[in-house]
Amino acid sequence: MNHRKSRAANVKYMLAGGSVVAALGLLGDPRGLLPNSAPRKDTCQEVIQSKAVLSREQLSRLLTVPERADKAQVRQVLNEPYCKLSLLQIRTGPSSQREAYPLAFDPQTWLVVLYEGEEYVGYSFSFRH
């Protein structure tokens, strides 16, 4: 009987301690305690056209350009990019070039176009700008 009371008290202390730790965790921002890991990959290396933005129409026309098309064909649709991003190694062989275009209707989002040599490989979106 006395053993049950002792066990029940231990459980209460553990719950109280766990609650305090959880409350402290909610108040603090652990991201400040962690080291800043890898550098951002979507940082401009060279600004090409500082006023470049991409319209919805240009974005729609890009969807009609097939993969492995000439870079010139993509440039004809998109014009000059805002900037060039750092090179990217996707697979063995030459590094891939990336060019960024802020969206006119959402400037915090960039369309990132990927080229291998003079060939269009594809695109992605970057949402952090």
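Let's start with a single residue, Leu 78, and see who surrounds it. Once its neighbours within four places in sequence are set aside, Leu 78 is in contact with Leu 54, Gln 58, Leu 62, Tyr 101, Leu 111 and Val 113. Keep in mind that you are looking at a predicted model. Leu 78 sits in helix α3, and its relative accessibility is 1%, so it counts as buried, a label used for values under 20%. Take one of those contacts, Val 113: it lies 35 residues from Leu 78 in sequence, yet in space the two are 9.9 Å apart, C-alpha to C-alpha.

Now let's step back and look at the whole protein. It has three helices and five strands, and if you read along the sequence you meet them in the pattern α-β-α-α-β-β-β-β.

The strands come together in an open sheet with the order β1-β2-β3-β4-β5, and the pairing is antiparallel. At the edges stand β1 (44–47) and β5 (119–126); each has a single partner strand, so one side of each has no neighbour in the sheet. From one strand to the next, the twist averages 30°.

Let's follow β3 (97–103) and see how it is held in this sheet. On one side, two bridges join β3 to strand β2 (residues 83–85), and these two strands run antiparallel. You can find an example by looking at Lys 84, whose bridge partner in β3 is Glu 99. β3 also pairs with β4, again in the antiparallel sense, over seven bridges. Here you can look for Pro 102, whose bridge partner in β4 is Trp 110. β3 and β4 form a hairpin, with two residues between them. Is β3 mostly enclosed or open? Six of its seven residues are buried, so β3 is largely enclosed by the rest of the structure.

Next, bring the helix back into view. α3 lies across β3, β4 and β5, and runs at about 160° to β4. This takes us back to Leu 78, which belongs to α3.

What is the largest nonpolar core made of? It has 14 residues, and those with the most contacts inside it are Leu 54, Val 74, Leu 78, Leu 111, Val 113 and Tyr 120. At least two residues of this core come from each of α2 (56–62), α3 (71–78), β3 (97–103) and β4 (106–116). A second, separate core has five residues, including Leu 85, Ala 100, Trp 110 and Val 112. You have already met Trp 110 as the bridge partner of Pro 102.

Val 74 is another good residue to visit. Leaving out its neighbours within four places in sequence, Val 74 is in contact with Leu 62, Val 65, Asn 79, Val 113, Tyr 115 and Tyr 120. Compare this with Leu 78, whose contacts include Leu 62 and Val 113.

Finally, a few totals for the protein as a whole. Of its 129 residues, 27% count as buried. Among contacts with a separation of 6 or more, 50% are between residues 24 or more positions apart. The protein exposes about 9,400 Å², and carbon and sulfur atoms supply 57% of that area.

Technical notes
Residues numbered from 1 in each chain as written. Predicted model: local features only at pLDDT ≥ 70, side-chain atom pairs only at ≥ 80, totals over all residues. Heavy atoms only, no water. Core = buried A, V, L, I, M, F, W, Y, C linked by side-chain atoms within 4.5 Å. Buried < 20%, exposed > 50% of the residue type's maximum accessible area, 1.4 Å probe, protein only. Helix = DSSP H or I, 4+ residues; strand = E, 2+ residues; numbered from the N terminus. Contact = heavy atoms within 4.5 Å. Pairing = 2+ DSSP bridges. Areas by Shrake-Rupley, 256 points an atom, 1.4 Å probe, with all protein chains shown as cover. Axes fitted to C-alpha atoms, helices over the stretch in contact; angles between N-to-C directions.
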